[in-house]
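Let's take a walk through this one, a piece at a time. Keep the viewer open and follow along.

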Amino acid sequence: MAQVEEMMFATEAQVDEYNDQIPEIATEKYLIFSSDSLMYGIKAELVKDIITGYSITYLPQVPGYVKGVINLRGQIIPIVDIRLRLGKMPQDNFCSIVVEVEGNMVGIVVDMVEQMVDIPLDDILPVPTNSGGSHAMVSGMCTLPDGNTMLELDCEQLLHD
Amino acid sequence: MGSGNDSILDMYLYETNTLLEQLDGILLTAEEADTFSEDSVNEIFRIMHTIKGSSAMMEFSSLMTVAHRIEDMFFIVREKGMDVVPEATRPDLFDMLFQAVDFFRGEIEKVENDEPLSQSIDHIVNKINSLIDKIQGNPAHAEAEAPAAGESAGGEAAAADVSAVNPDYLFGIHVFFDEGSGMENLRAFMLTNSVKDYCGDFITSPANVETDPSTSDIIADQGFLVWFRTADERNNAITAVQNGSSVREYQPVDAAKPAPPAPAEAPTAPAAAPAKEAPKADASPAPAAKPAAGGQQHAKESLISVNLSKLDQLMAVVSEIVITESMVTSSPDLKGLRLDNFTKSARDLRKLTDDLQDVSMSLRMVPVSGTFQKMNRIVRDMSKKLGKKAKLTLIGEDTEVDKTIVDAISDPIMHIVRNSMDHGLEEHEADRIAAGKDPVGEVILSARHTGSEVIIEIKDDGQGVDTQAVLNKAIRQGLAIPDHEYSQKEILNFLMMPGFSTNTEVTEYSGRGVGMDVVKKNVADVGGTVTITSEWGQGMTTTLKIPLTMAIMDGMEVSVGDSIFTIPINTIQSSLKVTAGDVIHDPAQGEMVKIRDNFYPIIRAKDLFCMDQGCDNIEDGILMWVEAGEHSYCLFVDKLMGEQQIVVKPMPNYINNFGVKNYGISGCSILGDGSISIILDVVNVYAAAHSAY
């Protein structure tokens, strides 16, 4: 909770900076979620919804990580399990972040949604090029105020191979 | 170009296209009658006037000029009635008008494609001009008569008075000042002053412009007339008028009395007289046109044009409401409760949502008449070009179908009509007479509803299909196997195979190799089918069967394990239970079943879709005997859940990227309880199963 307040304070400070016309630090809101004990972040502007408890309709002839489709208020939305997508063992829960990428709405199954944070864009560091397969689909890294490391999820890459 | 401009352009294109279509219709009717009714003259005048105005606004000058000229011509016709056009020139008139419509269409197309407009409009303008000359025959004479005849036409009445009162002053100039310039009487006075420099002997109408300010309104309204004794004097004065300030338009007019020296008149202002005449209608449409135009306006105001995507959106929302409503009223939370008021309200709600659905569906429905009317033109043009007499009969023009379907079938219908004209009808009239038919060929275009389908028939009474020739050609093309016996139906089906065209000659209209196969494809795209029937010597009938709307269809829900699939009802032949003994195995592990003396393969949905759950024992499940295209087979599923009308939703793009369509998954739909069913495409299921085995 303390962190959240800290973040809010930071936001207000930024608002003041806007008002004072001082060149501000460009920040971006990220939604942090955990999957297999790693923290991932998705740009908040991509996030359309966070849903739980929908029944997934199985679809044949799609890769295993596509768990199927759901009916989200009349829209048919495919569900991708990020654990399976990254080649990990699936967990039997259903909490999904619905993101819109390149005009496609896709639900991403995650372990748990953590929080929203403002992250200065400058703080997002590139992924070391020699890092292994586990960092696939990560487009950047950043240390969070609580000391954890956030991996920025590359949603485009998640959808395309 | 900004988006604001784009929307104006959109409006312009839409409006102009609509007007052109209307014009085409009027012209066709008129040509048949070989005359224009008063209404259609007014209508054409109005259309040209609108096109002129809007084109000028959009700065499409070529369009404007041509429209202007035609407007001029019809102004004359309107003033003097259709009799002014000599019988002999009427075909020319119609041809010219059709040409003009084509010209407009061509230009509009260029505008749509962002291409530069053609600058060489002289050809068409000259044609119009020469027609105007012909119509006028004696232009000067005609012009003067116009005002005299138009007694009700305000300004001209005044002119008539003047010429009557002063038979010596017969050569007039009709001057119009800039609209809204104000103090027209003083401007007129200034004009008379400058005219005095050239010639002193003239009278004006209204007369006392200098002293009477009330004449200002008259001049603004009806123009200012200056009358001279001789044409030469007037020609001199024209220079003055030309240089006059605020002069918007002027035109020489001649009073009736002595046969005026028309030839002398013509060169000074070639065709300018009628040209200048028309803009007057700009300021004050002649009373004759007013009631008609007014009536039109009134009828139009009850119509609005709506972007199709908005209707799609509405349709989507309404389908959601229908689904949500049934989710609410059949909510499991309500089980076991006795809620009289709730039940009553729920019933009312259901009725209203049903109505809402009907209305929103009907919004997308448009009559096929627009498409049908276009065929009139094609038949007309082709019958002229090919020298075949033919008439087109339209039946059931007001049959309504979904807008997307109308768009999709327009080209196929056009193609079939062309085919009928080109290949269907006999080459020579004598052949028809010899066959005991009416020398004038007939193409019948009909549309009608049957439940959930619309049936469009294109029928000609021509020579019909020579099945032997078709078969020979098919064999030559390698489409058919020689020495194999084909049924009439099978032979006719060759016509719809890609690359098949019986006419070896390529004509302007057909025979480009793309043919009926494209028709078939276009129709199939909207879920329809094409069938051809023909009898040698009796003509040919092409029937398009198209579902009324693609968004909603009847489907049979079947289950496999937990999954629900929808099979389009029109592909289902029957459902049947079989025992293990009925199943025949082939060496390749394939299963078959015998139904009515034929063997059909069995495809197990569970295996095809690699599903965990579902029946394996053939006796526990049920076979759905389906047929689509050339394929007929039995799909083995667990259970039959019942027939339902479903709203078809496409699969998300992300899913389609995995190629699920190839496995027969064409879309999905949301069922009453909110769950999703997968819509199967019977043909692709077969193809998928075939490649899997």
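Start in chain A with a hairpin: strand 9 (residues 138-143) and strand 10 (residues 149-153) of chain A run antiparallel and are joined by five bridges. If you want a spot to zoom in on, find Met141(A), which stands opposite Leu151(A) in strand 10 of chain A. Then follow the chain round the turn. Five residues sit between the two strands, and Gly147(A) takes a positive phi near 95° in this hairpin. Everything here comes from a predicted model, so keep the confidence scores in mind; we'll get to them below.

Now zoom out to the sheet that holds this hairpin. It's an open sheet of five strands of chain A, in the order 8-1-2-10-9, and its pairing is mixed. Which strands are at the edges? They're strand 8 (112-120) and strand 9 of chain A, each of which pairs on one side only. On average, neighbouring strands in this sheet are turned by 35° against each other, if you ignore direction. Further in, strand 1 (residues 27-35) of chain A pairs with strand 2 (residues 38-43) of chain A in the antiparallel sense, over six bridges. There you can pick out Ser34(A), which stands opposite Met39(A) in strand 2 of chain A.

Chain A has another open sheet to look at, with five strands in the order 3-6-7-5-4 and, again, mixed pairing. Strand 3 (47-52) and strand 4 (66-72) of chain A are at its edges; each has a single partner strand, so one side of each is left without a neighbour in the sheet. Neighbouring strands here are turned by 30° against each other on average, direction ignored. For a parallel pair, look at strand 5 (residues 75-81) and strand 7 (residues 104-110) of chain A, which are joined by three bridges. Val80(A) stands opposite Ile108(A) in strand 7 of chain A.

Over to chain B, where we'll look at helix packing. Helix 4 (residues 90-112) and helix 5 (residues 122-136) of chain B have axes that come within 11 Å and cross at roughly 150°. That angle makes helix 4 of chain B roughly antiparallel to helix 5 of chain B. As for handedness, helix 4 of chain B passes helix 5 of chain B in a left-handed crossing. On the helix 4 side of chain B, the contact is made by residues including Leu93(B), Met96(B) and Phe103(B), while helix 5 of chain B brings in Ile124(B), Ile128(B) and Leu131(B), among others. By class, the residues of this contact divide into seven nonpolar, one polar and two charged.

The next pair is helix 17 (residues 369-386) and helix 18 (residues 403-424) of chain B. Their axes come within 10 Å and cross at roughly 25°. What does that make them, roughly parallel or roughly antiparallel? Because of that angle, helix 17 of chain B is roughly parallel to helix 18 of chain B. The crossing is right-handed. Helix 17 of chain B contributes Met375(B), Ile378(B) and Val379(B), among others, and helix 18 of chain B contributes residues including Ile409(B), Ile413(B) and Val417(B). This contact has 11 nonpolar, three polar and two charged residues.

So how do the chains meet? 21 residues of chain B are in contact with 17 residues of chain A. On the chain B side, the elements that give two or more residues are helix 15 (308-329), helix 24 (653-656) and strand 21 (665-670) of chain B. Helix 24 of chain B gives the largest share, three residues. Sorted by class, the chain B side comes to 14 nonpolar, four polar and three charged residues.

Finally, the confidence scores. The model as a whole scores ipTM 0.74 and pTM 0.47. Chain A averages a pLDDT of 77, and 80% of its residues score at least 70. In residues 1-6 of chain A the pLDDT stays under 50, and the model has four contacts for them beyond four places in sequence. Chain B averages a pLDDT of 75, with 78% of the residues at 70 or more. Its residues 138-165 have a pLDDT below 50, yet this stretch has 60 contacts in the model beyond near neighbours in sequence. Residues 508-513 of chain B are also below 50, with 14 such contacts.

Key. Residues are numbered from 1 along each chain as its sequence is written. Chains are lettered from A and ligands numbered from 1 in the order in which they are written. This is a predicted model: local features need pLDDT of at least 70, side-chain atom pairs count only at pLDDT 80 or more; totals for chains, interfaces and linings use all residues. Two residues are in contact if their C-beta atoms, placed from the backbone, lie within 7 Å. Helices (H or I, at least four residues) and strands (E, at least two) are DSSP runs, numbered from the N terminus. Ala, Val, Leu, Ile, Met, Phe, Trp, Tyr, Cys and Pro count as nonpolar, Asp, Glu, Lys and Arg as charged, and the others, Gly among them, as polar. Two strands pair if DSSP finds at least two bridges between them. pLDDT is the predictor's confidence in each residue, from 0 to 100. Axes are lines fitted to C-alpha atoms, for helices over the stretch in contact, and angles run from 0 to 180 degrees between N-to-C directions. Angles under 35 degrees count as roughly parallel, over 145 as roughly antiparallel, 65 to 115 as roughly perpendicular and the rest as oblique. A crossing is left-handed if the near helix is turned anticlockwise from the far one by less than a right angle, and right-handed if clockwise.
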